[in-house]
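Trainee: Pick one part of this model and take me through it closely. Please say which terms you rely on.

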Amino acid sequence: MDKDNTKRRKPKPPAILSRIVMFLFLVMLMLFMNINALCYFLNRSSYETVTATVVQQTTDEFLLLIPKVEVTYQFHGQQYTEKKYFFLEPLFGLSREEGTTLTLHVNIYAPANSLFEVHFFRNILNWLLLVFEAVCIYNLIRRIRTYRLAKKFEREDNL
């Protein structure tokens, strides 16, 4: 026997699986882009809102690519200074110019840790991801319906 003729074909994954994976990838991307808003939303009782001032804008000392800002804020009568990465915040309309005032959510149990207040719908990438997710859901529903129709017609043909 010829070994080439006896090779088995690898089974293809279902077509719906790729749509599910794409949808989950888009959801995870959106969650990672909005991690500050998600952390605040899930634990609102542990944060208080304060106004902070950008003192200095720098870059990451190691990579020299990722922008950082140094912000100062007062929380319960004590002055805090914190260096924070400022990578995705410009997409939300936040400025890193010196002297800019930003709204921070300060952790009441660890006042030296804070989150920038970001508005989900100000980021154009969030809108695009929502559109792509809607398209993925539409394609997923359409695929399920055509699969069910095909199975129905297959059963009717067998009768």
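Mentor: Start with a term. A strand is a DSSP run of E, at least two residues long, and strands are numbered from the N terminus. Keep in mind that this model is predicted.

With that, place Phe-62. The residue sits in the loop between β1 (47-59) and β2 (67-75). Its relative accessible area is 74%, so Phe-62 is exposed, the cut-off being over 50%. Its C-alpha atom is 45 Å from that of Lys-12, and the two residues are 50 apart along the chain.

Now move to strand β3, where Glu-82 lies. Glu-82 has a relative accessible area of 11% and is therefore buried, since buried means under 20%. What does its side chain meet? A polar contact of 2.7 Å links it to the side chain of Ser-114. Setting aside neighbours within four places in sequence, Glu-82 also touches Val-69, Glu-70, Val-71 and Tyr-73, along with Ala-112 and Asn-113.

β3 also leads to the largest pocket. Residues 78-85 form this strand, and β3 supplies at least two residues of the lining, as do α1 (15-33) and α2 (35-42). The biggest share comes from α2, with 3 residues. The pocket's volume is about 210 Å³. In total, 14 residues line it, and Met-33, Ile-35, Asn-36, Leu-88 and Glu-89 are the closest to its centre. By class, the lining holds 10 nonpolar, 2 polar and 2 charged residues.

Definitions and conventions. Residues are numbered from 1 along each chain as its sequence is written. This is a predicted model: local features need pLDDT of at least 70, side-chain atom pairs count only at pLDDT 80 or more; totals for chains, interfaces and linings use all residues. Side-chain values use heavy atoms; hydrogens and water are left out. On a 1 Å grid over the protein atoms alone, a cavity is a set of points where a 1.4 Å probe fits but cannot get out, and a pocket is an open set with protein on both sides within 12 Å along at least five of seven lines; lining residues have an atom within 4 Å of a point. Grid points are joined across faces, edges and corners, and a volume is the space filled by probe spheres set on the points. Helices (H or I, at least four residues) and strands (E, at least two) are DSSP runs, numbered from the N terminus. Ala, Val, Leu, Ile, Met, Phe, Trp, Tyr, Cys and Pro count as nonpolar, Asp, Glu, Lys and Arg as charged, and the others, Gly among them, as polar. Buried means under 20% relative accessible area, exposed over 50%, partly exposed in between (1.4 Å probe, protein chains only). A polar contact is a pair of N or O atoms within 3.5 Å; within protein, one must be able to donate a hydrogen and the other to accept it, and residues adjacent in sequence count only if both atoms are side-chain atoms. Contact means heavy atoms within 4.5 Å.
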